[in-house]
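Me: Please explain the terms used to describe the following model, setting each value against its definition.

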Amino acid sequence: MNGQNRKDISPGISVDIVLKADQRTGKRTRGIVKDILTNSSSHPHGIKVRLTDGQVGRVQEIHSRQ
C-alpha cells in the first residue's frame, strides 16, 4: 500500500519513508509512525510523518496496520 492517503496512516504502524536528504536517490528508511505532519487528506509524493526516532519524511510504503 502506498502512503498517499492520510486515512491509511496512523501512529504506531510500520512504514518506509524517504527522508528529504534521500529524495534524489530514493533511499528508504523503515520506522514506526509517531506523528502525522501532513494536514491534507492526500499528497502525491506521500504523507509526511515523524518516526518514533525523530526522523521526518514522506511515506512510500505501509507495512503493517493497527
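Reply: In this predicted model, the bridge partner of Val49 in S4 is Gly57.

Me: What makes strands S3 and S4 a pair?

Reply: Pairing requires at least two bridges between two strands. Strand S3 (residues 48–51) and strand S4 (residues 56–62) are joined by three bridges and run antiparallel, so they meet the criterion for a pair.

Me: Which larger arrangement do the strands form, and in what order?

Reply: They form a closed barrel of four strands in the order S1-S2-S3-S4, with antiparallel pairing. On average, neighbouring strands of this sheet are turned by 70° against each other, with direction ignored. The protein chain has four strands and zero helices, and its pattern along the sequence reads β-β-β-β.

Me: Why is the protein chain called as compact as a globular protein of its length?

Reply: Its radius of gyration is 10 Å, and the globule rule gives 11 Å for 66 residues; the protein chain is therefore called as compact as a globular protein of that length, because the two values are close. The C-alpha trace spans about 30 × 25 × 20 Å along its principal axes.

Me: Why is Ala21 classed as exposed?

Reply: The class exposed begins over 50% relative accessible area. Ala21 has a relative accessible area of 73%, so it is exposed. Ala21 lies in the loop between strand S1 (14–19) and strand S2 (28–36).

Me: How far is Ala21 from Gly57 in sequence and in space?

Reply: Ala21 and Gly57 are 36 residues apart in sequence, and their C-alpha atoms are 9.2 Å apart in space.

Key. Residues numbered from 1 in each chain as written. Predicted model: local features only at pLDDT ≥ 70, side-chain atom pairs only at ≥ 80, totals over all residues. Heavy atoms only, no water. Helix = DSSP H or I, 4+ residues; strand = E, 2+ residues; numbered from the N terminus. Axes fitted to C-alpha atoms, helices over the stretch in contact; angles between N-to-C directions. Buried < 20%, exposed > 50% of the residue type's maximum accessible area, 1.4 Å probe, protein only. Rg over C-alpha atoms; globule rule 2.2 N^0.38 Å.
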